[in-house]
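Please open the structure in a viewer and set the display so that side chains can be shown on request. The tour proceeds by selection, one stop at a time.

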Amino acid sequence: PDLDREPPRRRARRPCAPRGARRPEAGRPQGPRPYGLDRAAGERAGLAALLNPDEQARAARFYFDRDRHHYQVARGLLRTMLGRYLGILPTAVTFTYGAHGKPELGGAHAGAIEFNISHAQGVALFGFARERVLGVDVEGIRPLEDTVDIVDRFFSPNEVAVFHQVP
């Protein structure tokens, strides 16, 4: 071997990349993206290991394992994606919290990227943007037994007529 040559550089492996996700370009946030939160134990443990002590303490307070696991996966994915956008390790991402508990980037990266996350029934939706505030929302769909009563009571006459025309 040529000892005068510098050894080839190995790319640092990013832990627990989101399943099925294309790697976002560093510094280039993309549109809202949904991700499943039900992950195998090994992947979930890798994402949970990215959480800081405060996040781990919050996860420990969940009563149901499913809710704890979903929180760990969602926060681990958030850290992974923010780390990619910022070009830093997921564990180096720091957060501050607004008056209502909403997380935002802290430290040297404060204000670099706006983000929002919503999750329900095992699905999380992540949104990222630069120089604009954004919000995302995901809701679980559940059947309503009293849909007709709700429509008749709370909707406008025109909306009620349209609703009753739908098969």
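Begin by selecting Arg79 together with its surroundings in this predicted model. Apart from neighbours within four places in sequence, Arg79 is in contact with Leu50, Leu51, Asn52, Glu55, Pro90, Thr91, Val93 and Phe95. Arg79 itself belongs to helix H3. With a relative accessible area of 1%, below the 20% limit, Arg79 is classed as buried. Next, display the backbone of Pro90: its oxygen is reached by the side chain of Arg79 at 2.8 Å.

Now widen the selection to two helices, H2 (residues 53–60) and H3 (residues 65–86). How are these helices, H2 and H3, packed? Their axes lie 9 Å apart, at an angle of about 160 degrees. Since angles over 145 degrees count as roughly antiparallel, H2 and H3 are therefore roughly antiparallel to each other. The crossing in which H2 passes H3 is right-handed.

To see the contact itself, show Glu55, Arg58, Ala59 and Ala60 on the H2 side, and Arg68, Tyr71, Gln72, Arg75 and Arg79 on the H3 side. Colouring this contact of H2 with H3 by residue class gives three nonpolar, one polar and five charged residues. Arg79, the starting point of the tour, is thus met again here as one of the H3 residues in the contact.

For the last stop, select helix H5 (residues 157–165) and, within it, Ala161. Is Ala161 buried or partly exposed? Its relative accessibility is 36%, so Ala161 counts as partly exposed. Finally, mark the C-alpha atoms of Ala161 and Val151: 10 residues separate the two along the chain, and the distance between these atoms is 9.8 Å.

Methods:
Residues are numbered from 1 along each chain as its sequence is written. This is a predicted model: local features need pLDDT of at least 70, side-chain atom pairs count only at pLDDT 80 or more; totals for chains, interfaces and linings use all residues. Side-chain values use heavy atoms; hydrogens and water are left out. Axes are lines fitted to C-alpha atoms, for helices over the stretch in contact, and angles run from 0 to 180 degrees between N-to-C directions. Helices (H or I, at least four residues) and strands (E, at least two) are DSSP runs, numbered from the N terminus. Angles under 35 degrees count as roughly parallel, over 145 as roughly antiparallel, 65 to 115 as roughly perpendicular and the rest as oblique. A crossing is left-handed if the near helix is turned anticlockwise from the far one by less than a right angle, and right-handed if clockwise. Contact means heavy atoms within 4.5 Å. Ala, Val, Leu, Ile, Met, Phe, Trp, Tyr, Cys and Pro count as nonpolar, Asp, Glu, Lys and Arg as charged, and the others, Gly among them, as polar. Buried means under 20% relative accessible area, exposed over 50%, partly exposed in between (1.4 Å probe, protein chains only). A polar contact is a pair of N or O atoms within 3.5 Å; within protein, one must be able to donate a hydrogen and the other to accept it, and residues adjacent in sequence count only if both atoms are side-chain atoms.
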